[in-house]
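Here are a few short exercises on reading charges and burial off a model. Grab your viewer and try each task before you look at the solution.

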Amino acid sequence: KISRAHLPPSSSIMPPKKTAGGGGTTTGDANLKQKSPAEFFQDNKGIAGFENAGKSLYTTLREFIENALDAAEHIGVLPQVDVLVEEVTLTQYETMIGLDAHVRKDDTLYDDFETEKAKAKRLEK
């Protein structure tokens, strides 16, 4: 048990900050800005391991595997983790996520109907 006699006075632990005006105290630095975790990691991708595509893939796979191992340990079962990494093209990826490229069925609808004379007149202005 620690007696009160062995503790330093509370004022000697950390004195309050003085404000620029000389009077009163402040609890924080006026120059600090609060950021959400998403904003912080967007500005500091290197800390999270997402500064390039290769490291992003490694970081993502490592997190998935660690989370799977932690979950298995938490419920008391032996983990079975299967990982398959396959390179796909942008077109294949867009098809996989349901983002199909739109193909124009009638290109004549998008033709420029402005005559060369009208275009030259418009550009003179």
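**Exercise 1.** In this predicted model, work out whether Asp43 counts as buried, partly exposed or exposed, and find its salt-bridge partner.

*Solution.* Start with the accessibility of Asp43, which comes out at 48%. Partly exposed covers the range between under 20% (buried) and over 50% (exposed), so Asp43 is partly exposed at 48%. Next, look for the partner: Asp43 pairs with Lys35 in a salt bridge, with the closest N and O atoms 2.5 Å apart. The cut-off is 4 Å, so the 2.5 Å between Asp43 and Lys35 qualifies. Finally, check Lys35: its relative accessible area is 38%, so Lys35 is partly exposed.

**Exercise 2.** How many salt bridges does a search of the whole structure find, and which residues are joined into one network by shared partners?

*Solution.* The search of the whole structure turns up four salt bridges. Among them is the pair of Lys55 and Glu51, with 3.3 Å between the closest N and O atoms. Lys55 has a relative accessible area of 37%, so this lysine is partly exposed; Glu51 has 43%, so this glutamate is partly exposed. Now for the network. Glu63 and Arg62 meet through their side chains in a salt bridge of 3.6 Å, N to O. Through shared partners, salt bridges tie Arg62, Glu63 and Glu66 into one network. As for accessibility, Glu63 is partly exposed because its value is 33%, and Arg62 is partly exposed because its value is 32%.

**Exercise 3.** Which residues form the negative surface patch, and where is Asp112 found?

*Solution.* Pick out the members first: Asp106, Asp107, Asp111, Asp112 and Glu116 make up the negative patch on the surface. Then zoom in on Asp112, which sits in the loop between α5 (90-96) and α6 (116-124). Is Asp112 buried or exposed? Its relative accessibility is 58%, so Asp112 counts as exposed.

**Exercise 4.** Place Thr59 in its helix, decide whether Thr59 is buried or exposed, and list what Thr59 is in contact with, leaving aside neighbours within four places in sequence.

*Solution.* Thr59 belongs to helix α4, residues 53-75. With just 4% relative accessibility, Thr59 is buried, because buried means under 20%. For the contacts, set aside the neighbours within four places in sequence, and you get Ala48, Gly49 and Phe50 for Thr59.

Definitions and conventions: Residues numbered from 1 in each chain as written. Predicted model: local features only at pLDDT ≥ 70, side-chain atom pairs only at ≥ 80, totals over all residues. Heavy atoms only, no water. Patch = residues over 30% accessible without salt bridge, like charges linked within 9 Å, V, L, I, M, F, W, Y side chains within 5 Å. Areas by Shrake-Rupley, 256 points an atom, 1.4 Å probe, with all protein chains shown as cover. Lys, Arg positive; Asp, Glu negative; His and termini not counted. Charge placed at Lys NZ, Arg CZ, Asp CG, Glu CD. Helix = DSSP H or I, 4+ residues; strand = E, 2+ residues; numbered from the N terminus. Buried < 20%, exposed > 50% of the residue type's maximum accessible area, 1.4 Å probe, protein only. Contact = heavy atoms within 4.5 Å.
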